[in-house]
Amino acid sequence: MAVIEVTNLHKRYGETVAVDDVSFSVTAGEIFGVLGPNGAGKTTTVECVAGLRVPDGGGVSVLGLDPRRDATRLRQLVGVQLQESQLPDRLRVTEALELYASFYRNPADPARLIDELGLGAKRNTPYEKLSGGQKQRLSIALALVGNPKIAILDELTTGLDPQARRDTWGLIERVRDSGVTVVLVTHFMEEAERLCDRLAVIDQGRVVALDSPAGLVSAVAPEQRIRFRPSAPVDDRLLTELPQVTAVTRSGTQVVVTGTGDVLHAVTSVLARNQIIAADLRLEQATLDDAFVELTGHRLND
Ligand code: ADP
């Protein structure tokens, strides 16, 4: 079931075309990524979804509602965490959450959210004294305090150290697992690959691909390479006869098999049937990064 439908969205700022015909839909219960380089039009797109910007053309439907006409109703249903949200320096964590909770008819319990987001030790700390990771966790808590059906999170992990980034990823998965649909804007490939169920790759205001991370990779670079050292001599024909195998080469004592589809399973099965053990087995696949280059002609974060 689609909870967000974006059709032929257009938005320009003066001469700048920020969003140039973007369409996608987001399914209930997924983490949907909007991935692209800086300036691609990601924030503008999600701002139109959140009703914070008025598109020049195209349609947006969120939970069957129009973000502009039904803004008041949607505010109760959609939690938004925008880039670099700032709070007053002196506002304490609990105060911020209680303040935001008061905007909603059916808010979450601020004390419970504080615990869930690992801010228990910081509940009385003023905003200005929080670390970058703690500020991000607070901003996620603020996006969730209204008990939303959809959470829109923009560049959540920018500026975080690797550990804080990983912690945040775990948190977002728990949000999704609790039944909230998550729209995640990111320019981090690893984040998209690790977290998103499906994603729209956006470049220069256009959607260049729409799929799961694995689907995107296999669509542009279907070949996989398997390397191993066989415990006994292998007749190449054993492998080349497999429909999944496209080539078999040797590199010193290593056998290198290139193939598509379920080639790993096919190769390991035939080896096992012939009592050959594949030592030091490695599978090399293209990454989402490779897929992005293939799709756009440039690297993501150049
Ligand atoms: P992203 O989120 O992918 O970095 P944005 O949606 O923020 O992309 O920006 C898309 C394009 O629109 C960029 O060229 C940006 O400079 C421009 N832009 C964004 N916001 C404004 C604005 N308020 N006024 C003028 N230009 C803007």
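Me: What counts as near a molecule here?
Reply: The model is predicted. A residue is near a molecule if one of its heavy atoms lies within a set distance of it, and that distance is 4 Å.

Me: Which residues surround the ligand?
Reply: With the cut-off of 4 Å, the list begins with Y13, T16 and A18. It then takes in the run P37, N38, G39, A40, G41, K42, T43 and T44. The last residue around the ligand is R53.

Me: How many residues of the shell around the ligand are nonpolar, polar and charged?
Reply: The residues around the ligand include Y13, A18, K42 and R53. Tyr and Ala count as nonpolar, Lys and Arg as charged, and Gly as polar. By class, the shell has four nonpolar, six polar and two charged residues.

Me: Which polar side-chain atom lies 2.5 Å from an oxygen atom of the ligand?
Reply: Two contacts come from the backbone: a polar backbone atom of A40 is 3.0 Å from a ligand oxygen, and a backbone N or O atom of G41 also lies 3.0 Å from a ligand oxygen. The side-chain contact at 2.5 Å from an oxygen atom of the ligand belongs to T44.

Me: How much of the ligand's accessible area does the protein cover?
Reply: On its own, the ligand has 560 Å² of accessible area. Of this area, the protein covers 60%.

Me: Which element gives the most to the shell around the ligand?
Reply: Two elements give two or more residues to this shell: β2 (16–27) and α1 (42–49). The one that gives the most, with three residues, is α1.

Me: In what order do the three strands of the open sheet with β1 lie?
Reply: Strand β1 (residues 2–13) pairs with β2 in the antiparallel sense over nine bridges. β1 also pairs with strand β4 (residues 57–62), again antiparallel, over five bridges. The edge strands, β2 and β4, each pair on one side only. The order is therefore β2-β1-β4.

Me: What is the average twist from one strand to the next in the sheet β2-β1-β4?
Reply: This open sheet has three strands with antiparallel pairing. From one strand to the next, the twist averages 15°.

Me: Which residues are the bridge partners of H10 in β4 and in β2?
Reply: β1 has pairings with β2 and with β4. In β4, the partner of H10 is G57. In β2, the partner of H10 is D20.

Me: Which residue takes a positive phi in the hairpin of β1 and β2?
Reply: Along the paired strands, E5 stands opposite S25 in β2. The hairpin has two residues between the strands, and the residue with a positive phi near 60° is G14.

Me: Which are the edge strands of the open sheet of four strands?
Reply: The order of this sheet is β11-β12-β10-β13, with antiparallel pairing. Strand β10 (residues 224–230) and strand β12 (residues 254–259) are joined by five bridges, and the partner of Q224 in β12 is G259. The twist averages 20° from one strand to the next. The strands that pair on one side only are β11 (245–251) and β13 (278–285).

Me: How far apart do the C-alpha centres of domain 1 and domain 2 lie?
Reply: The domain assignment gives domain 1 as 2–218 and domain 2 as 222–285. The distance between their C-alpha centres is 43 Å.

Terms used: Residues are numbered from 1 along each chain as its sequence is written. This is a predicted model: local features need pLDDT of at least 70, side-chain atom pairs count only at pLDDT 80 or more; totals for chains, interfaces and linings use all residues. Side-chain values use heavy atoms; hydrogens and water are left out. Domain bounds come from an automatic or database domain assignment. A polar contact is a pair of N or O atoms within 3.5 Å; within protein, one must be able to donate a hydrogen and the other to accept it, and residues adjacent in sequence count only if both atoms are side-chain atoms. Accessible areas come from the Shrake-Rupley method with a 1.4 Å probe; for residues, only the protein chains shown count as cover. Axes are lines fitted to C-alpha atoms, for helices over the stretch in contact, and angles run from 0 to 180 degrees between N-to-C directions.
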